[in-house]
Amino acid sequence: MLIEIDERYCIGCGRCVDDCVGANLEVEGVTARVKGSCILCGHCVAVCPTGAVSIPSYDMADVEVCSPANATIDVHTMLRAIKSRRSVRDYLPNAVEQDALRLVLEAGRYTATAKNAQGCRFIVVQDELDELKRLVWSGIESLLALPADDKPRWVKLYKPFLRDAQAGTQDFLFRNAPAVAFVAADRADDAGLAAQNMELVAASLDLGALFNGYLCRAAEELPSVKAFLQAEDRPLQICMLLGHPAVSYRRTAPRRPGDFVVK
């Protein structure tokens, strides 16, 4: 069974029934019952006041008492944190701590996904970053060496990037970041939502990040890189450079007036 309801603790309040997105629960007598299959969103577990509901296929030891954002985070502090984040393009040489990487990945794992698919694969390269760089740059060099009619259109944009990397003047794709994170997913919105949460947690850990579309495109298009990353059949949707920033910012950056429509 996908969901289990412990009759010893169920009080038949119906909260799980009311909150079930798939209408797969009902109260029968004084106990909630499962009617059919579900998407395992876990809302029934989260809403139950007595802890009577469980999902055996999930790690129930991972379930915690809720800490609502409005009870723990001041809205102005949160907005200030969002305004204060910057795209970081210069990093300190020290590696990102494994505990910090784990917390960043957990932020992605707990992000909402369409139909609760939980289909994102999170890939971090740090220890083997030199090999990733070698595969990316050699792949780009090989494609640029092809006759003009055989070159993929996308790779032509990378010619100056390769020239600068070979000259040692600038590595436009990797900068000097010690780690790179990818999110592979069938849906771009799932990956984008996860990446945003990952970046906010990274910022709380004093890490900087840079969303890198150029590196993501190259990694997706180069079979050797895609295989190295073990993304399998899921497209690489997001790429983030990660590391401790080598630059600090004193104030938030200005923005254009908001383009809001409120009815």
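The following exercises, each with a worked solution, concern a predicted model.

**Exercise 1. Cysteines and disulfides**

Determine how many disulfides a search of the whole structure finds, and explain why Cys48 forms no bond with the closest cysteine.

Solution.
Step 1. The search of the whole structure returns zero disulfides.
Step 2. A disulfide requires a pair of cysteine sulfur atoms within 2.5 Å.
Step 3. For Cys48, the closest cysteine sulfur belongs to Cys13 and lies 6.3 Å away, which is too far for a bond.
Step 4. Cys66 likewise takes part in no disulfide, since its nearest cysteine sulfur, that of Cys48, is 12 Å away.
Step 5. The accessibility of each residue can then be classified. Cys48 has 17% relative accessibility and therefore counts as buried, the limit being under 20%. Cys66 has 63% relative accessibility and therefore counts as exposed, the limit being over 50%.

**Exercise 2. Helix 6 and helix 7**

Describe how helix 6 and helix 7 cross, and state which residues meet.

Solution.
Step 1. Helix 6 spans residues 129–144 and helix 7 spans residues 159–167; their axes come within 10 Å and cross at roughly 125°.
Step 2. Because of this angle, helix 6 is oblique to helix 7. The crossing is left-handed.
Step 3. On the side of helix 6, the residues in contact are Trp137, Glu141 and Leu144; on the side of helix 7, they are Lys159, Phe161, Leu162, Ala165 and Gln166.
Step 4. Sorted by class, this contact comprises five nonpolar residues, one polar residue and two charged residues.

**Exercise 3. The setting of Arg234**

Locate Arg234, decide whether Arg234 is buried or exposed, and list the residues that Arg234 touches.

Solution.
Step 1. Arg234 lies in the loop that runs between helix 10 (223–229) and strand 8 (236–243).
Step 2. Its relative accessibility is 16%, so Arg234 counts as buried.
Step 3. Leaving aside residues up to four places away in sequence, Arg234 is in contact with Gly119, Cys120, Arg121, Ala184, Ala185, Asp186, Glu220 and Lys226.

**Exercise 4. The setting of Thr252**

Locate Thr252 and identify which residues Thr252 touches, not counting those up to four places away in sequence.

Solution.
Step 1. Thr252 belongs to the segment after strand 8.
Step 2. With 28% relative accessibility, Thr252 counts as partly exposed.
Step 3. The C-alpha atoms of Thr252 and Ala81 are separated by 9.4 Å, while the two residues are 171 residues apart along the chain.
Step 4. With residues up to four places away in sequence not counted, Thr252 touches Lys83, Ser84 and Arg86.

Note on methods. Residues numbered from 1 in each chain as written. Predicted model: local features only at pLDDT ≥ 70, side-chain atom pairs only at ≥ 80, totals over all residues. Heavy atoms only, no water. Buried < 20%, exposed > 50% of the residue type's maximum accessible area, 1.4 Å probe, protein only. Axes fitted to C-alpha atoms, helices over the stretch in contact; angles between N-to-C directions. Helix = DSSP H or I, 4+ residues; strand = E, 2+ residues; numbered from the N terminus. Parallel < 35°, antiparallel > 145°, perpendicular 65-115°, else oblique. Left-handed = near helix turned anticlockwise from the far one by under 90°. Contact = heavy atoms within 4.5 Å. Nonpolar A, V, L, I, M, F, W, Y, C, P; charged D, E, K, R; others polar.
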